[in-house]
Amino acid sequence: MVFEPPKRLVRALGETAPDGDDWLEKLPEAAQRAVALRELTVERVQMPGGRSSLVVLVRTADGTPAVLKLAPVRARPEAERAALAHWGGRGAVQLLGPPPSAEGVLLLERLHPDLSVRSLPEAKALLEAAGTLRRLWVEPPAGFPFETVAERTGRQAEAMRARAQADPEVAPLVDLALAARTELLAAPPEHRLLHGTFRQSKVLAGERMPWLAVGPDPVVGECAFDLARLVRDRVEDLIAQPSGAATTRRRVKRLAESLDVDQERLRGWTLFRAVESGVRAGRVSRPRDAELLLEFASWL
């Protein structure tokens with residue numbers, strides 16, 4: 001089988017490595033090698049797939065459905081492996097198979113790839129997603145190999161400042177977001193292993209449990225940081241509503257109360273993460289996404 005990367009993956013990797021690299025060029029050979037080493041039977045490449053990895057639906061030698069995932073080093077696949085191993089299937093997809101033979105290759109239990117919690121009505125989707133996220137918030141392993149929230153947002157803050165200098169229109173929101181980050185990091189209240197990129201589409205239907213998280217970009221810090229990305233789920237629908245701003249504020253309050261998170265800290269991290277995503281979208285020529293995210297951020 002020829003492992004042709006989905007167009008969505010090619011576009012996304014072009015955004016994160018504008019100068020290019022050879023990972024995509026080597027991907028077909030790497031996928032063939034991973035399949036042969038594990039004696040897997042390939043069913044199909046998942047389409048449209050993710051934005052940071054190739055996902056292949058396979059079966060193991062004994063016929064067990066599984067997923068083979070290949071990701072470039074910059075997508076931090078080894079951090080994902082470490083987080084999934086630490087969670088051990090509690091709230092998240094399980095690792096399968098023997099120890100890895102190559103960096104960036106993961107063999108995972110098969111969930112229902114086309115059925116995410118996003119398929120549920122909005123209120124139910126938020127409830128199920130939040131319940132899944134709560135199970136992931138555990139003490140990190142000793143000597144953990146993960147970034148901290150301070151480290152990750154520090155890198156992001158530098159990019160935000162540079163963008164604000166080049167585009168004065170975004171500068172006021174960037175200043176607010178950076179001030180919120182400074183205040184939040186002055187007294188971080190928790191030290192938990194976080195999913196890092198959690199949203200409704202990252203929660204898939206499973207067999208062991210009704211819903212399980214996939215695709216973490218793990219980070220260690222406070223729970224409000226992890227929950228912040230969920231606040232803006234279905235942002236297109238929020239922007240389209242005349243009451244979008246009020247709905248957003250109610251969502252912050254409801255999620256904070258349901259997961260015992262400080263409401264103001266959740267609001268602050270939601271602001272920072274929305275502005276960071278909006279600035280990044282503008283930088284990689286996705287103006288519509290940038291507009292939506294920055295308008296959302298202005299409501300906070």
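**Exercise 1.** State how many residues the largest nonpolar core has and which of them have the most contacts inside it.

*Solution.* In this predicted model, the largest nonpolar core has 74 residues. Those with the most contacts inside it are Leu227, Leu266, Val275 and Phe296. Take Leu227 as the example. Leaving out residues up to four places away in sequence, Leu227 touches Leu133, Trp137, Leu255, Ala256, Leu259, Val261 and Leu266. Another core, of 18 residues, lies apart from the largest one. Among its residues are Leu9, Leu54, Ala66 and Leu107.

**Exercise 2.** Describe how strand 3 and strand 4 pair, and say whether the residues of strand 4 are buried or exposed.

*Solution.* Begin with the pairing. Strand 3 (residues 65-70) and strand 4 are antiparallel and share 5 bridges. One bridge links Leu70 to Val105, its partner in strand 4. Next, look at the covering of strand 4, which spans residues 105-109. Of its 5 residues, 5 are buried.

**Exercise 3.** List the buried residues of helix 3 and find what they pack against.

*Solution.* Helix 3 spans residues 77-87, and its buried residues are Pro77, Ala79, Glu80, Arg81, Ala83, Leu84 and Trp87. To read this list, recall that an α-helix has 3.6 residues a turn, so residues three or four places apart point the same way. The buried residues of helix 3 pack against strand 3 and strand 4, and also against helix 4 (122-136) and strand 7 (192-194). Just after helix 3 comes Gly88, with a positive phi of about 55°.

**Exercise 4.** Give the strand order of the open sheet of 3 strands and explain why one side of strand 5 and of strand 9 is left without a neighbour.

*Solution.* The order is 5-8-9, and the pairing is antiparallel. Strand 5 (112-116) and strand 9 (211-213) are at the edges with a single partner strand each, so one side of each has no neighbour in the sheet. From one strand to the next the twist averages 55°. Strand 5 is joined to strand 8 (residues 203-205) by 2 bridges. In one of the pairs, Ser116 has Leu204 of strand 8 as its bridge partner. Helix 4 packs on this sheet and touches strand 8 and strand 9, its direction making about 55° with that of strand 9.

**Exercise 5.** Decide whether Ala213 is buried or exposed, and list what it touches.

*Solution.* Ala213 is in strand 9. Buried means under 20% relative accessible area. Ala213 has 1% relative accessibility, so it counts as buried. Residues up to four places away in sequence aside, Ala213 touches Gly91, Ala92, Val93, Thr132, Leu136, His195, Phe198, Lys202 and Val203. Of these, Phe198 is 15 residues from Ala213 in sequence, and their C-alpha atoms are 8.1 Å apart.

Notes
Residues numbered from 1 in each chain as written. Predicted model: local features only at pLDDT ≥ 70, side-chain atom pairs only at ≥ 80, totals over all residues. Heavy atoms only, no water. Buried < 20%, exposed > 50% of the residue type's maximum accessible area, 1.4 Å probe, protein only. Helix = DSSP H or I, 4+ residues; strand = E, 2+ residues; numbered from the N terminus. Pairing = 2+ DSSP bridges. Contact = heavy atoms within 4.5 Å. Axes fitted to C-alpha atoms, helices over the stretch in contact; angles between N-to-C directions. Core = buried A, V, L, I, M, F, W, Y, C linked by side-chain atoms within 4.5 Å.
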